[in-house]
Every structure is written in structure tokens, then in C-alpha cells.
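Please open the model in your viewer and keep the sequence panel beside it, so that each selection can be followed by residue number.

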Amino acid sequence: MDKDYRLSRRAYIIGGAVFGVVILFIVRLFVLQIVNDDYKKNADSNAFLRQIQYPSRGVIYDRNERLLVFNQPAYDILVVMKEMTSLDTVDLCETLKLTPEFVRRRLHDLKDRKLNPGYSPYTNQVFLTQLSVEDCGIFQEKLFKFPGFYIQRRTIRQYNYNVGAHILGDIGEVSKSEIDADDYYQGGDFIGKLGVERFYEKQLRGEKGVTVLLRDAYGRVQGNYMGGKFDKPPVAGKNLTLSIDIELQQLGERLLEGKIGSIVAIEPSTGEVLCLVSSPSYDPHLMIGRERGKNHLKMSRDPWKPLLNRAIMGTYPPGSTFKTTQALTYLQEGIITASTSYSCVGGFSYRGLHVGCHSHSSPLSLLPAIATSCNGYFCWGLYHMIGARQKYGSVQTAMNTWRDYMVSMGFGYQLGIDLPGEKRGMIPNAQFYDKVYRRSWNGLTVISIAIGQGEVTATPLQIANLGATIANRGYYITPHVVKGIEGEVLDSIYTTPHYTKVEKAHYEEVVQGMRNAVLEGTCRLANIPELEICGKTGTAQNQGKDHSAFMGFAPMNNPQIAIAVYVENGGWGATYGVPIGRLMIEKYLTGKLTEEDEILATDIQNRRIDYGIQER
């Protein structure tokens, strides 16, 4: 009985062991054949050669159908390591104008799975990118000397104009993180890095194709596999039409030569950005071809920061352009009416606090206060609003009410422009001041925000959007630089109006004040009678010389352009902001500059501001 039991137990143990081995074999086969495709790749690569066919990237036009960005042929050199039976490094270097050190390092890096996660010795690896037609032709003649090397055609970007770099952006080789984030890409592919090239990458890139070629036993290509049955043609990317007027963009970049600043112009009725200038800028041709990396590194170290898109990334005190938001808030909240007058003798003075102002008549009501850019008027208005506890109950409630008006006008948060990197600026709220002043503050403590100073900051885009909102009498459409996408409808966020908390009737008062500023106030240099320009200067205080700003629109009753000009350390708003605004509006609305204004444009172009930065 014991013997039978032992035999039975032994049979179970042996059977279990055999079963376990069988399971292990099954799991291993599953891993090899299903989970891990290395063996399949190796087998396939012996019989097939898959060549990726890259699509043409979508081209880019301006609003008047002028071609801005197009494609030109370029070539990549690929290598299959398993087929590289020998390599004449000296001949390869002479043919491609490379150094032996580069070739050795490049081949080593391709085999490093940390640097090249998709590496396989049986598949194509990108050895060199963006060869010109001429260089590729020389290599093609010697290709038989370099077994395992192949040529692959693709395209690179080319530009018809040397302006608009911050809008257009550029393309560059994908990083490991970009490959991990989207399985469309593999090592050696190119992707939009900045501007619309980045924001609209999926529309512009198209869809890759593939050609499957059959090899013989010696690895020689015999032609298309099954007559091309499994080939897939590439699908070209979609073309973009920008809202930018490239001639207006050219004028803006010309006027800001030798200066740090920005110009943003918007079509109020659509939110379409007509120009978006950031200075200093750079020639977009510097960011194409094999010199891109070197040029990008050089500009990233440039103390003038040409890569920084100040139009959407620069945050500045809006200065007196911000007084229009205060007027609208005070009117809507009943703090003032258009006929309310305040005294301003040298500025705002109360309980030992003084905010200076320039010479003008006093007392004065709202419209002349806007026209003359009176500091005292808007400081009194804010003091009465923040200090009006009988209406709001507490300074915190009054402050947050003020904040809500500013946010409704497009400040304090990103507007949502279709460009990467937009900053939000700063609109303080009660919680901010409670933390800073430990709840011990009042209307006098924060009085400088009434004139666009203190803690308030905004981007030039937000200031231009304010001009568009006033031009529309109370609403704006999210600013955008793309007017149309081939075969697609624009996202609804670029067509939906955003209404502020202020009634239209109050905007009419502010519009008239801005018109008066051009006719008889601080913006007189902007006056072109037939264009009915409305404007508001800004002189924003700074640790050094003040910044010069202008915000306006035209025509008064049929607005077609709203604009913001911001010149760092430019001094009074009338020094740079107003004349630049005038020239840009005139150019857009009439298509040209008068002979007199062409002289003015040349004068402004030739002026240089000393920033204490070494010349570029």
C-alpha cells in the first residue's frame, strides 16, 4: 500500500514538472512571437526593406494669399547596421564633408538604446539629415561603395520673407520625450518646435507612407513586394492661411529695429491678428538646415534674447492705457458718471500719499481725463470704489469686484492665442493683498493699480485685445493668427464673442474720450483726419527709463484695426508709441505711407535706444 502511494505521488510530481515545463515553453513562445517582435523584425528585414515615405508638410500663406513658407527637397542618409559589412571611413568623410570623429560618434550613438530607443541592427537608422540636392548627388554616385547606406527623400522648410519668425516658428529633430509622447514619430523625424509650426503640428505634418521592397538571399533589393500591394502613399499636410498681413509685419519689424518691444494689431470684428512683432527678432532662414542647432544655441545665449516672443511672453505694466479699463469699471459700478469731476493739482494727494501728474486743467470730468491721461482722476475713482464700504461691505469684496471686471476684459489669464508660450500677466485680488499686507490695507495702499502700475502687468497681446474690445463696444474674440486650415473649420473658441461686464453705452463714453485724445490730447501725433483714429498713450514707470506705449483703433465707428505698441525704455508714450501706432494704422487702412510719413518711418527705424547691452 505504501509502495503504491509513493509511486502515485511520484507520478504526480513528475507530471506537475512536465506540465510546468510545457507552460514555460508556451509562455516563452508567446513572448517571442507576440509580445517581443525582435525576431519577427529580424526575419522580415532579411526578406523586406520598408522605406518610409515622408509627406510634404503643409505650406503657409498670409491673409492676402502671399506664400510665406514652402518646402524644398532635402535628403537623409540611412544606415542598416547589419548590412554595413565594411566602411571606408576616409572616403565617407570626404564625400559628406564630415570628420572621422563625427562618424564614429554617430554610429556609436545610433547603437545606444538610451539615446536611440527604437534601435535595431536590421532596420533603417537615420545617420545624417537634410543633405542638399548637390551633396546628395555626389553621395549617390558613390553609394555602391558604402553597403548598408541608403538615401531617403524628404523636404525642409524655406521662407519667402525674412520676417515673422516668432509667428511662423520652425521645425527640428524630435527629442526622446516627443517620441515617447506620440508614436507617429521615430528617431530622425522632424517636428514643429515654435510658432504655428508647433501649435498646428498635427495638421501640417500629414501622414507618412511606406514602400515595401523585396530582398533576395544576398540582401539585394529586387523591387516592390507583390507589385506594391502593401505600399501606402504619403498624405500631404494641410495648408494654413494666416491672418497676418506680411507687409504690415515687415513695417512693424522695421520700426522696432534697435529697440526692445512689441507691436500687436488685431482685426476687432474677427479677433484675427494682423501683425505680431517682437523685437529683437531673427531671420527665420537661420532655423533651417544642418546649421539650425548651432544658430539656435547662439541666439539662446544672445543677451538681446531674440528667441523670446515678447508679444505674448513679455509682461509689462500697461501704464496709462489701463485707465480705459478703470473708466469703464467706475461707470458700470456707479462710482462716477461721465460728468463726475475730480480735482488734480499736480496729481492725487490724500493723507500724505501723492501720485504725480503732468500739467492740465483742473477740476475735470471723464472725457478730458482720458484725453489728457490724468493720473489724479483715476486714482480718486479707485479710492472711492475700494473705499466705498457702504456698497461692498469690505475692502476685500470691493477689490475682488474690481478684479472680476479686469478679468472680463481679458487680463490676468491667458487669452488663448494659437501660439505656444503665452503668459497670463498679473491682476491682483484681495487674497493677494491680504497675504502681502496681513489684511491691513485699503484703497490708498493699492492706488497705483488705477493707472496701470504697481502689481498689474499685461502682455502686449492683452493690451491690443483691450483696444479691440473697446472698438467692439464691449466684447472680444480670442485673438488668433491662423485664419483658415485646408479642409477644416477653425475651433469655435476663435469665433465666439466674449462679453465684458460693462454695458455698451459706457464704452461709447470711453471711445469719445480716446477720440478726443487724438484730436486735442496726448495722442495728437496720431491724428490722420480721414482715418478717425482713437487712441490712448501709456508711459509706464520702470526702474530705469520709462516704457513708451500706445493703444488705439480706427476708424472710430467702423473699426478695422486695433493696435498696441510697447517700446521698452522708450520714454513718453508720444515718443515712440504714438508715431509707430499712427504709421501702422495708416499702412493697414490705406495700403501705403505718405511721403511725409515714410520719412518719419525712416527716422524711427534709425533711432537706437541705449539698453546697456553689447551690440549684436
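The tour below visits a helix, a strand hairpin and a pair of packed helices in what is a predicted model.

Begin by selecting residues 246-255, which form helix α10, and colour them by accessibility: 8 of its 10 residues are buried, which leaves the helix mostly covered. The buried residues are Ile246, Leu248, Gln249, Leu251, Gly252, Glu253, Arg254 and Leu255, a list in which charged side chains such as Glu253 and Arg254 appear beside leucines. Then add Asp245 and look at the start of the helix, where one of the side-chain oxygens of Asp245 comes to within 3.0 Å of the backbone nitrogen of Glu247.

Next, select residues 261-267 and 272-279, strands β11 and β12, which run antiparallel and are joined by 7 bridges. Within this pairing, Ala265 of β11 stands opposite Cys275 in β12. Strand β12 is mostly covered, with 8 of its 8 residues buried. Between the two strands of this hairpin lie 4 residues, and the one to pick out is Gly271, whose phi is positive, near 80 degrees.

Finally, show residues 323-333 and 375-386, helices α13 and α15, whose axes lie 10 Å apart and which pack at an angle of about 40 degrees. Because of that angle, α13 counts as oblique to α15, and the crossing between them is left-handed. To see the contact itself, display the side chains of Lys323, Gln326, Ala327, Thr329, Tyr330 and Glu333 in α13, which meet Asn375, Phe378, Gly381, Leu382 and Met385 in α15.

Definitions and conventions. Residues are numbered from 1 along each chain as its sequence is written. This is a predicted model: local features need pLDDT of at least 70, side-chain atom pairs count only at pLDDT 80 or more; totals for chains, interfaces and linings use all residues. Side-chain values use heavy atoms; hydrogens and water are left out. Buried means under 20% relative accessible area, exposed over 50%, partly exposed in between (1.4 Å probe, protein chains only). A polar contact is a pair of N or O atoms within 3.5 Å; within protein, one must be able to donate a hydrogen and the other to accept it, and residues adjacent in sequence count only if both atoms are side-chain atoms. Two strands pair if DSSP finds at least two bridges between them. Axes are lines fitted to C-alpha atoms, for helices over the stretch in contact, and angles run from 0 to 180 degrees between N-to-C directions. Angles under 35 degrees count as roughly parallel, over 145 as roughly antiparallel, 65 to 115 as roughly perpendicular and the rest as oblique. A crossing is left-handed if the near helix is turned anticlockwise from the far one by less than a right angle, and right-handed if clockwise. Contact means heavy atoms within 4.5 Å.
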